[in-house]
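Trainee: I would like to go through this model step by step, with questions that the atoms themselves can answer. Could we begin with the surface and then work inwards?

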Amino acid sequence: MLRGLACLAIAGTTWGTTGAAVEIVYRSSDFGPMAVSFWRFLSGMALLVAARALRPSRAVPRKARPARRRVFLLTGTGLGLAVFQTAYFGAVRDTGLAVGTIVCLGAAPVFTAAGARLFLGERLGRGGLPAVGGALAGLAILVLGDRHGVVRPVGVGLALVSAAGYATTNVLGRWTGRHGTGEDPYGLTVWSFAIGAAVMLPLAWSEGLWPHTAHLGRVVLMMLYVAAVTTALAYPLYFAGAAAVRAATAAVVMLIEPVSAAVLAVLLLGERLTSATVGGTLLLLAAVTGLAVAESRRAER
């Protein structure tokens, strides 16, 4: 459990820098979210395969698993990741890093808790429903209370779609830990990236696979950072942690990401937070913190 929480915390911290790096790519080129997602999947997969090739091979016994269960896991995770990160990058482009990240990661625990209840039988507990209501109220304040054009409905909608994709991968990660499929975090990550890249290729092709920019070095550097640190390093840690802890708890731990992303957005990218944004964020974070407390108490019983 402690190792799982540590893996999730490290993954969330690195993910918090993804939006800032992609925002710099947007400001420096004409790259779109489809192309960014495709290259992130492909380069992340290439780095993981190369890293495994450089390591001494060890014979690891694999559990026998039904082929249908494995196909379901890999396909569902790959599609969930494709929706999660592509919609998130679109939200960052349309409504900014701070708001896009806050809405996505704030709604994700709610969607995850609902999915875990429906498909895994994990109950919310007494504090679950008030936490869900508080999170929804926080999102409403965040969206409806904006008077300065910082929050854009299209961007918020994309962030919610991204949250749904993230919740799908979270529930599947927990399902893997409970039922066992014989997939280690490395194998699950590589196969998920391969499926995600295949799904994104035609969309990225139509959007434009190569950026037109006068700052190619900056764009390449940021994309390499996204591929190496926030993808090849973070995702295996995330899948390892998600398999070890409850689905809703994992989603709450990942709220480390919107906090660091919002700080980077304000300090480095010049974005501003309105009073409605701050108020909605505080209510949303309070709600999901209540959800974390409820999950922890239930786990101790």
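Trainee: What percentage of the accessible surface of the chain belongs to carbon and sulfur atoms?
Mentor: Keep in mind that we are looking at a predicted model. The accessible surface of the chain comes to about 13,600 Å². The part of that area belonging to carbon and sulfur atoms is 68%.

Trainee: How many helices and how many strands does the chain have?
Mentor: Going from the N terminus on, every element in the run α-α-α-α-α-α-α-α-α-α-α-α is a helix. The totals for the chain are therefore 12 helices and zero strands, with helices and strands taken as DSSP runs.

Trainee: Is A194 buried, partly exposed or exposed?
Mentor: A194 is found in helix α8, which covers residues 185-207. Buried means under 20% relative accessible area and exposed means over 50%. Because the relative accessible area of A194 is 27%, this residue counts as partly exposed.

Trainee: Which helix gives the most residues to the largest nonpolar core?
Mentor: As a general point, nonpolar side chains in soluble globular proteins tend to be buried together. In this chain the largest nonpolar core has 63 residues, and those with the most contacts inside it are W15, Y235, Y238 and M254. The helix that gives the most to this core, with 10 residues, is α9.

Trainee: How far apart are the end C-alpha atoms of α9, and what span should its 27 residues have?
Mentor: At 1.5 Å a residue, the helix should span 39 Å. There is also a kink of about 40° at A234 in α9, shortly before the proline P236. The expected span agrees with the distance between the end C-alpha atoms of α9, which is 36 Å.

Trainee: Are the rings of W15 and Y235 stacked, edge-to-face or tilted?
Mentor: By the pairing rule used here, the count comes to 12 aromatic pairs. Planes under 30 degrees apart count as stacked and those over 60 as edge-to-face. The rings of W15 and Y235 have centres 4.8 Å apart and planes at 50°, so this pair is tilted.

Trainee: How many residues apart in sequence are the parts that this pair of W15 and Y235 ties together?
Mentor: W15 is buried, with a relative accessible area of 2%, and Y235 is buried at 0%. Because W15 lies in helix α1 and Y235 in helix α9, the pair ties together parts whose separation in sequence is 220 residues.

Conventions. Residues are numbered from 1 along each chain as its sequence is written. This is a predicted model: local features need pLDDT of at least 70, side-chain atom pairs count only at pLDDT 80 or more; totals for chains, interfaces and linings use all residues. Side-chain values use heavy atoms; hydrogens and water are left out. Helices (H or I, at least four residues) and strands (E, at least two) are DSSP runs, numbered from the N terminus. Accessible areas come from the Shrake-Rupley method with a 1.4 Å probe; for residues, only the protein chains shown count as cover. Buried means under 20% relative accessible area, exposed over 50%, partly exposed in between (1.4 Å probe, protein chains only). A nonpolar core is a set of buried Ala, Val, Leu, Ile, Met, Phe, Trp, Tyr and Cys residues joined through side-chain atoms within 4.5 Å. The expected span of a helix is 1.5 Å times one less than its number of residues. The bend at a residue is the angle between axes fitted to the seven residues ending there and the seven starting there. Rings of Phe, Tyr and Trp (its six-membered ring) pair if their centres lie within 6.5 Å; planes under 30 degrees apart count as stacked, over 60 as edge-to-face and the rest as tilted.
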